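Trainee: I am new to this structure and would be grateful for a close look at a single part. Could you please take me through chain B and what it touches?

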Amino acid sequence: MFRQAIEVLGDFGLMLYRALAAIHESLVGGRGSRIGRANLWWQMNRVGISSIPIVCLVLFCIGAILELQMAKPLANFGVVPLTADIVSLATFRELGPLVSAVVLTGFGGAAIAAELGTMVVGEEIEALEAQAIDPIRFLVVPRVLATIIMLVCLTVLGDLVAVFGGMTVGFFWLGIGVRQYLAHSREMLHVQDFVTGLIKAGVFGLLISSIACFMGLRVKGGAEGVGLATSRTVVYTIVALILVDLLFTSAFFYLGF
Amino acid sequence: MDDPVIAIKNITKRFGDRVIFDRLSLDIYPGQTLVIMGGSGSGKSTLLRAMMGQVPLDGGEIIAGGRSIGSMTEPQLMDWRKSVGFLFQSGALFNSMTVADNLALTMREHSDLAESTIQIMVKIYLQMVGLRQHLNKMPAELSGGMKKRAGLARALMMQPQIFFYDEPTAGLDPVSSAQIDTLISDLHRKLRFTSVVVTHEIKSAFRVADRMALLHNGKFVVVGAPDEFRSSKDPLIRQFIDGLSVGPLSDPRGHEDYEKDILQLG
Ligand SMILES: Nc1ncnc2c1ncn2[C@@H]1O[C@H](COP(=O)(O)OP(=O)(O)OP(=O)(O)O)[C@@H](O)[C@H]1O
Ligand SMILES: [Mg+2]
């Protein structure tokens, strides 16, 4: 059991290494190493665009919820407008990237695992190999790149929407003016809050797509195996996201970012 | 005789407890069409995959183009795979692409040909297998036989010198089968392809074969010319050719414990 887990992690590391090497190689160039812009674009559309409305909806609500939750305790000190500071900081550093990543896990990650799993079952992966096309370069790399790019974009969008959500609640229910709210946000937020959030988003994107590809390519045993891999992908990814988030947050904390 | 293109040397392969290859050896010579026959599950598809370097062996080696497949570097293995056309048992088309894109993919990946040239080639090869009018269909819209023919056209796009066919005619009507067989023999005669054909169908086997081999229990029990097969008295071959249900090839079904098993007396 323990040995098996180590082996699986080793395989995962190997795939990740090969994917990163392929990305590096595609940047350096040479025939047979290109990944194809059209392919990348298509993947970005597929992975990202469909999750935009959900990310917006969820992060709007989270901003609003956080605003309401914080209003009571801060009202006791008579500093209700400070809710703006809290909402902004929490979303930019933490909730923006994390919640966007969770939404994308459900959309993109599950879809990638199911798609690659189905390709395994249909002998498509073997057919690729038989045609001397590396599945890592051809399938994994565009999905990884597309997910990273899309998640970073989604996070920027999500951050803004969450603050907008908080602001809406603040304006209508707590009597905080829009100008006042934005002033508080702007005063609170520093470049590194934004940047650390985006770094996290990039890492989360890598995590989501590589776990999904890994699980998809390991599918065994028909349609049932595809279903299993898909649901496991979602669970494993969310656990991995939280663990890596903790790791990064502590690292940023100690480094003083 | 020339040096073999592929030399299978004493290979063994197990899946769990099941021995699929038991010190199996065979030489495949240039320009020859070798037909491999054998019961379902005897390891024919696995053998073709092993020759593509897709199945790690437990023992022995397969020499291709003078090198052992197991010890090839990544680029050497890629070159070997590029020189082989592989028709999968299921066709194995890429389901997310149109038929035309399925064919075009290898050329787009491995050559610098202009897109217009690739499109012309796609049409030529689809015409060869009679699917030109289905160019823009998705694989899901094709019948099983059409998928297989599209798979054949796709493998031909690479212009290989060596061709592996995994049951090219299984599930096809007699006319399409005959057409595929003709195509295989034409490729072989006109273009001097080296082919390995896995098939269950005796008729098509005799139509295309220069040499035949029967895989059974991890070994080639007989290897020889079609005439030797036809006139052979070997009970194994006779059972296969005549399609008898009882004989040495039949599954050991274990009739002895069947009743007990059913009635749970044991
Ligand atoms: N990856 C694998 N893991 C475990 N067992 C496998 C694997 N691949 C094949 N086998 C087993 O090896 C045996 C041979 O399989 P193979 O597909 O080569 O048979 P085949 O001769 O092509 O049969 P058919 O004529 O039905 O296509 C089967 O019993 C199969 O269950
Ligand atoms: Mg088979």
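Mentor: The following account treats the domains of chain B, then its ligand, then its partner chain. This is a predicted model, in which local features need pLDDT of at least 70, side-chain atom pairs count only at pLDDT 80 or more, and totals for chains, interfaces and linings use all residues. Residues are numbered from 1 along each chain as its sequence is written, chains are lettered from A and ligands numbered from 1 in the order in which they are written, and side-chain values use heavy atoms, with hydrogens and water left out.

Chain B is divided into domain 1 (6-83 + 162-262) and domain 2 (92-159), with bounds that come from an automatic or database domain assignment. Their C-alpha centres lie 26 Å apart. To the contact (heavy atoms within 4.5 Å), domain 1 of chain B gives 12 residues and domain 2 of chain B gives 10. The two domains bury about 960 Å² between them, 77% of it on carbon and sulfur atoms; buried area is the accessible area (1.4 Å probe) that two parts lose on being put together, summed over both. On the side of domain 1, B:K82, B:F163 and B:L183 lose the most area, together 46% of what that side buries. Between these domains the count of salt bridges (a side-chain nitrogen of Lys or Arg within 4 Å of a carboxyl oxygen of Asp or Glu) is 0.

Turning to the ligand, 14 residues are around ligand 1 (a heavy atom within 4 Å), and B:S40, B:G41, B:K44, B:S45 and B:T46 come nearest. A polar side-chain atom of B:K44 lies 2.8 Å from an oxygen atom of ligand 1. For B:H200, a polar side-chain atom is 3.0 Å from an oxygen atom of the ligand, while an N or O atom in the side chain of B:E167 is 3.1 Å from an oxygen atom of ligand 1.

The partner remains to be described. Chain B brings 25 residues to its contact with chain A, which brings 17. The area buried between these chains is about 1900 Å², of which carbon and sulfur atoms give 49%. In chain B, the residues that lose the most area to chain A are B:Q54, B:F94 and B:E109, together 28% of what that side buries. Across this interface there are 3 salt bridges. A:E126 forms a salt bridge with B:R49, where the closest N and O atoms are 2.3 Å apart.

Definitions and conventions: Polar contact = N/O pair within 3.5 Å; in protein donor to acceptor, adjacent residues only side chain to side chain.
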